[in-house]
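Hi everyone, and thanks for coming. I'd like to walk you through a structure that may be new to you, so let's put it up on the screen.

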Amino acid sequence: MLKIAAFDLDGTIADTMPLSIEAFCESVSGYMDHELTEKEVVETFGLNETGMVNAIVRENRESAMRDFYERYEILHREVTEPFPGILELFAFLREKNVMLALITGKGERSCCGNILFPKRSSVISGTRLGISKPAAGRA
């Protein structure tokens, strides 16, 4: 029998949600006519980073993406530890031959090199076409 334990990254494995929002606000605001708010970022959740940028940036999307990833990678270096007990949980599950999976709305670039999730694990990342969480909640 195949056993799998699936985890989200932001807010489940580590406290990475604030840095994701900060990176997005700091890097994408320059491509808009106003300072991007946390609320505006949260409204795009459910999409990966490309979808988020496409939803709010009208011009220079490639530059906005590049700037986001540069800022995100710098900020993500500050989060080097998962929440207490997570590493022990991963070790326990592996000892019991349970496969680990990361299921996240993040795009491949921002989740696949993640030091907080064990190597040799399955990763299902988000798409630029995903349903945003607020819209899904209204369905």
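I'll go from the overall fold to the core, then to the pocket, the salt bridges and two backbone details.

Before anything else, please keep in mind that this is a predicted model. Let's begin with the chain as a whole. Its secondary structure amounts to seven helices and three strands. If you trace the sequence from start to end, the order of elements is β-α-α-α-α-α-β-α-β-α. The chain has 139 residues, and 40% of them are buried. What about contacts between distant parts of the sequence? Taking the contacts with a separation of 6 or more, 68% are between residues 24 or more positions apart.

Now let's look inside. The largest nonpolar core holds 23 residues, and those that touch the most other members are Phe24, Val28, Leu36, Val41, Val53 and Ile56. Which elements give two or more residues to this core? They are α1, α3 and α4, with α4 covering 61-76. There is also a second, separate core of 10 residues, and Phe7, Ile13, Leu93 and Val98 are among them.

I'd like to stay with one member of that 23-residue core, Leu36. You'll find Leu36 in the loop between α1 and α2, the latter spanning 38-42. Is Leu36 buried or exposed? The cut-off for buried is under 20% relative accessible area, and Leu36 comes in at 6%, so it counts as buried. Who are its partners? If we set aside residues up to four places away in sequence, Leu36 touches Phe24, Cys25, Val28, Ser29, Val41 and Ile56. Take Phe24 from that list: Leu36 and Phe24 are 12 residues apart in sequence, and their C-alpha atoms are 8.3 Å apart in space.

Next, the pocket. The largest pocket has a volume of about 270 Å³. It is lined by 17 residues, and the closest to its centre are Asp10, Phe45, Leu47, Gly105 and Lys106. Two elements give two or more residues to the lining, namely α1, at 17-28, and α3, at 49-56. Which element provides the largest share? That is α1, with four residues. As for the character of the lining, eight of its residues are nonpolar, four are polar and five are charged. If you compare this with the core, you'll see two names come back: α1 and α3 are listed for the core, and α1 and α3 are listed for the pocket lining too.

On to charged side chains. As a reminder, side chains of opposite charge can pair when their charged atoms come close. How many salt bridges does this structure hold? There are five.

Let's visit some of them. The side chains of Glu43 and Lys39 form a salt bridge, at 2.5 Å from N to O. Glu43 is partly exposed, at 39% relative accessible area, while Lys39, at 58%, counts as exposed.

Then there is Arg66, which appears in two bridges. Arg66 meets Asp67 at 3.5 Å, N to O, and Arg66 meets Glu70 at 4.0 Å, N to O. Why are Arg66 and Glu70 about one helical turn apart? Because they sit four residues apart in helix α4. All three of these side chains belong to partly exposed residues: Arg66 has 43% relative accessibility, Asp67 has 22%, and Glu70 has 43%.

One more group to mention is Glu22, Glu26 and Arg71, which are joined in a network of salt bridges.

Finally, two backbone details. Most residues other than glycine have a negative phi. So which residues go the other way here? Asn60 is one of them, with a positive phi near 60°. Asn60 lies in the loop between α3 and α4, and at 48% relative accessible area Asn60 is partly exposed. Asn97 also has a positive phi, near 60°. Asn97 is placed in the loop between α5, at 86-95, and β2, at 99-103. With a relative accessible area of 65%, Asn97 is exposed.

To wrap up, if you take two places away with you, let them be buried Leu36 in its loop between α1 and α2, and the pocket of about 270 Å³. Thanks for listening, everyone!

Terms used:
Residues numbered from 1 in each chain as written. Predicted model: local features only at pLDDT ≥ 70, side-chain atom pairs only at ≥ 80, totals over all residues. Heavy atoms only, no water. 1 Å grid on protein atoms, 1.4 Å probe; cavity = no way out; pocket = protein on both sides within 12 Å on 5 of 7 lines; lining within 4 Å. Points joined across faces, edges and corners; volume = space filled by probe spheres on them. Nonpolar A, V, L, I, M, F, W, Y, C, P; charged D, E, K, R; others polar. Core = buried A, V, L, I, M, F, W, Y, C linked by side-chain atoms within 4.5 Å. Buried < 20%, exposed > 50% of the residue type's maximum accessible area, 1.4 Å probe, protein only. Contact = heavy atoms within 4.5 Å.
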